[in-house]
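Me: I have a model open and want to learn how to read it. Can we go through it feature by feature?

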Amino acid sequence: MRYSAATDIGGRRSVNEDSFLADGRIFAVADGMGGHLAGEVASNIAVDCLRDIGASRSLERALIDRFGRANEIIFDRARSNKERQGMGTTLTACVAEGRRLYIAHVGDSRLYRLRAGRLRQLTKDHSLVAQMIERGHLKPEEAADHPQRSVITRALGASAEIRVDVKVKEMLRGDRYLLATDGLAIAATDEEVASIIASEEELDSIAAKLIALANSRGGADNVTVVVFEPGSLPAAPRVGRITKAIGAFLAVAILAIGSSMAWRYLSSGFYLGEYGGRVAVYRGVPGSFAGFSLRTLIKETDVKIDGLPAPNRERLSRGMPVKSLKDAERAVEDLATLTREKR
Ligand code: CA
């Protein structure tokens, strides 16, 4: 993993309340709030709580636990000291494990991914304006200069309990990732950010350029960026073998059951089902025909069937059709949310 990080106080603030962590495996940014001796303390506690996350059977669980611990510490400190009321912080964190990137997020700092020249924000802002856009009460273009754009709806330290967004993404060779506090989004458009990250330059100079861009627009806020990109990734596990095996099966199936049935398989879409007690994405159709399986396992997920409400489990056991892989991804994310809500 190659990576680089930079932070800057900006042009108008007297203190840098941002913190970051980058060690080649764990990457995080935190944007503290609450004024002197509060904001920077909160963001520091947050990134500190992520250090030394070991390999774990469930990194998602581990991340949620660490976020919870940080929340507890900051909340207690804020409560015990009047001057620190309003103390809190955002925290957006990634842990790279093999081909997977485990992501946990609270607040309005952002994780972006540049893939094939396209920049995509992988985290959802927990901010008032983002909420208003989602509810159709505000247009994205109206949000850019919105006076409440820095009001966040979730922060570590704000309440006794914290809800953490967690997801897992597959990394591909050539991906570039950017974590940034809102000092960047306030100053620059996604297009500007994308063109800097997409440049062929060293990650150090990309980080420096992003900071310089924010400061060139007045540096109204602290700004912190962490850029990283996977080097060589381990080969995709067993799904490839399974796909091959089923490919061979399919060849037999075509001969055995004729082209109309094979056509039905090949032209069929995707569906969600079960594999090893977890939600999985398949291509094909559920069930079998004349003893032949007409499906291919495309992707395994971490979402346990057991943790889902009964109606969802039933739908999955029948095979839950989805329109596309993208649609499948969304459905999996929703199911993951359901399992967390149920806990
Ligand atoms: Ca900020």
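Me: Which residues coordinate the calcium ion?
Reply: Keep in mind that this is a predicted model. The donors to the calcium ion are D31 (OD), D31 (OD), D182 (OD) and D221 (OD). Their distances run from 2.2 to 3.1 Å.

Me: How are the donors of the calcium ion spaced along the chain?
Reply: The spacing is D-x150-D-x38-D. Two of them link distant parts of the chain: D182 sits in helix α5, and D221 in the loop between α7 (203-216) and β11 (223-229). They are 39 residues apart.

Me: Is D182 buried or exposed? And D221, buried or exposed?
Reply: Apply the cut-off: under 20% relative accessible area is buried. D182 has 8% relative accessibility, so D182 counts as buried. D221 has 10%, so D221 is buried too.

Me: Now the sheets. What holds strands of a sheet together?
Reply: Strands pair through backbone hydrogen bonds, either parallel or antiparallel. Here, an open sheet of five strands runs in the order β1-β11-β10-β7-β8, with antiparallel pairing.

Me: Why is one side of β1 and of β8 left without a neighbour in the sheet?
Reply: β1 (2-8) and β8 (118-121) stand at the edges. Each has a single partner strand, so one side stays free of a neighbour in the sheet. As for twist, neighbouring strands of this sheet are turned by 15 degrees against each other on average, direction ignored.

Me: How many bridges join β7 to β10?
Reply: Five, between residues 110-115 of β7 and residues 176-180 of β10. The two strands run antiparallel. Within this pairing, R110 of β7 has A180 in β10 as its bridge partner.

Me: Which strands pair with β6?
Reply: β5 (residues 91-97) pairs with β6 over seven bridges, in the antiparallel sense. L91 stands opposite V106 there. β9 (residues 165-170) is joined to β6 by six bridges, again antiparallel. In that pairing Y102 faces V168. Check burial as well: six of the seven residues of β6 (residues 100-106) are buried.

Me: What does G98 do in the hairpin of β5 and β6?
Reply: G98 takes a positive phi near 60 degrees. This hairpin has two residues between its strands.

Me: Last, pockets. What lines the second largest pocket?
Reply: Start with volume: about 670 Å³. Then the lining: 22 residues, with R110, Q121, D125, I133 and D190 nearest the centre. Elements giving two or more residues are α3 (128-134), α4 (140-143) and α5 (182-187). By class, nine lining residues are nonpolar, four polar and nine charged.

Note on methods: Residues are numbered from 1 along each chain as its sequence is written. This is a predicted model: local features need pLDDT of at least 70, side-chain atom pairs count only at pLDDT 80 or more; totals for chains, interfaces and linings use all residues. Side-chain values use heavy atoms; hydrogens and water are left out. On a 1 Å grid over the protein atoms alone, a cavity is a set of points where a 1.4 Å probe fits but cannot get out, and a pocket is an open set with protein on both sides within 12 Å along at least five of seven lines; lining residues have an atom within 4 Å of a point. Grid points are joined across faces, edges and corners, and a volume is the space filled by probe spheres set on the points. Helices (H or I, at least four residues) and strands (E, at least two) are DSSP runs, numbered from the N terminus. Ala, Val, Leu, Ile, Met, Phe, Trp, Tyr, Cys and Pro count as nonpolar, Asp, Glu, Lys and Arg as charged, and the others, Gly among them, as polar. Donors are N, O and S atoms within 2.8 Å of the metal (3.2 Å for Na, K and Ca); water is not among the atoms, so sites may look incomplete. Buried means under 20% relative accessible area, exposed over 50%, partly exposed in between (1.4 Å probe, protein chains only). Two strands pair if DSSP finds at least two bridges between them. Axes are lines fitted to C-alpha atoms, for helices over the stretch in contact, and angles run from 0 to 180 degrees between N-to-C directions.
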